[in-house]
Amino acid sequence: MGQIICRCGGRISTTGCPNKHEYVMIADTAHEKFVDQVVATVEGGVDAWLNVSVQLDRAGPPVFECPECKGLLVFWKESHSPTYYIRAPD
Ligand SMILES: [Zn+2]
C-alpha cells in the first residue's frame, strides 16, 4: 500500500515496522489463544516467537489511525477499501 489518504486528507504511512499509525485489533478469544501460544513458545526461542508474532498480525483486521483527525481506518475481511470510524466529539 505505502500510504492511505484519509477522508480528512491526512496521509497515513503503511510502511515501517513497527508502524506508529498501525494497530492490531483482535477478538478476545484470539487474544487468549495468543497468550497460550506465547507461554508455549517461551522455551522455543526466536523462531517460535516470530511464528507467533506473524499469527498475531493476521489475527484481526489491519487498523490505522489518521495522524490528523485521529479517525480509525479498518480493513475488514481483507478489503482493499477501509471503513472509516471518526471519533465522536466529547
Ligand atoms: Zn483523517
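Two residues are in contact if their C-beta atoms, placed from the backbone, lie within 7 Å. This is a predicted model.

Q: What share of the contacts with a separation of 6 or more comes from residues 24 or more positions apart?
A: Take the contacts in the protein with a separation of 6 or more. Then pick out those between residues 24 or more positions apart. Their share is 49%.

Q: In what order do the helices and strands run from the N terminus on?
A: The protein has two helices and six strands. Read them from the N terminus on. The order is β-β-β-α-α-β-β-β.

Q: How far apart are the C-alpha centres of the two domains?
A: Domain 1 takes in residues 1–25 + 61–90. Domain 2 covers 27–59. Their C-alpha centres are separated by 24 Å.

Q: What is the radius of gyration of the protein?
A: The C-alpha trace spans about 45 × 25 × 25 Å along its principal axes. For a compact globule of 90 residues, the radius of gyration would be near 12 Å. The protein itself has 15 Å.

Q: How many of the residues of α1 are buried?
A: Helix α1 covers residues 28–41. From first C-alpha to last it reaches 20 Å, close to the 20 Å expected at 1.5 Å a residue. A residue needs 20 or more other C-beta atoms within 10 Å to be buried. Helix α1 lies largely in the open, because the number of its 14 residues that are buried is zero.

Q: Which residues make up the largest nonpolar core?
A: Buried residues make up 8% of the 90 residues. In soluble globular proteins, nonpolar side chains tend to be buried together. The largest nonpolar core here has five residues: C6, I12, F64, C66 and L73.

Q: Which residues does C6 touch, not counting those up to four places away in sequence?
A: C6 belongs to the largest nonpolar core. Residues up to four places away in sequence are set aside. What remains is I12, C66, E68, C69, G71 and L73.

Q: Which residues form the uncovered face of β4?
A: In a regular strand the side chains alternate between the two faces of the sheet. Strand β4 spans residues 62–65. Its covered face holds P62 and F64. Its uncovered face holds V63 and E65.

Q: Which residue of β4 is the bridge partner of Y23?
A: Strand β3 covers residues 22–24. It runs antiparallel to β4, and three bridges join the two. Across from Y23, the partner in β4 is V63.

Q: Which residue in β5 stands opposite E65?
A: Strand β5 covers residues 72–74. Three bridges join it to β4, and the two strands run antiparallel. Opposite E65 stands L72.

Q: Which residue in the turn of the β4 and β5 hairpin has a positive phi?
A: The hairpin has six residues between its strands. One residue in the loop between β4 and β5 is exposed, because it has 12 other C-beta atoms within 10 Å. Its phi is near 65 degrees, a positive value in a residue other than glycine. That residue is K70.

Q: Is I86 buried or partly exposed?
A: I86 is found in the segment after β6. Its C-alpha lies 7.5 Å from that of K70, though the two are 16 residues apart in sequence. Leaving out residues up to four places away in sequence, I86 touches C69 and G71. Because 13 other C-beta atoms lie within 10 Å, I86 is partly exposed.

Q: Which peptide bond is cis, with omega near 5 degrees?
A: Look in the loop between β2 and β3. P18 lies there. The cis bond runs from C17 to P18.

Q: Is G16 buried or exposed?
A: G16 lies in the loop between β2 and β3. Its C-alpha is 9.4 Å from that of G2, 14 residues away along the chain. G16 has 9 C-beta neighbours inside 10 Å, so it counts as exposed.

Q: How far apart in space are the C-alpha atoms of Q3 and T15?
A: Q3 lies in strand β1. Q3 counts as exposed, because it has 11 C-beta neighbours inside 10 Å. Beyond four places in sequence, Q3 is in contact with R11, I12, S13 and T14. Q3 and T15 are 12 residues apart in sequence, and in space their C-alpha distance is 7.4 Å.

Note on methods. Residues numbered from 1 in each chain as written. Predicted model: local features only at pLDDT ≥ 70, side-chain atom pairs only at ≥ 80, totals over all residues. Domains from an automatic or database assignment. Core = buried A, V, L, I, M, F, W, Y, C linked by C-beta atoms within 7 Å. Helix = DSSP H or I, 4+ residues; strand = E, 2+ residues; numbered from the N terminus. Expected span 1.5 Å × (residues − 1). Rg over C-alpha atoms; globule rule 2.2 N^0.38 Å. Pairing = 2+ DSSP bridges.
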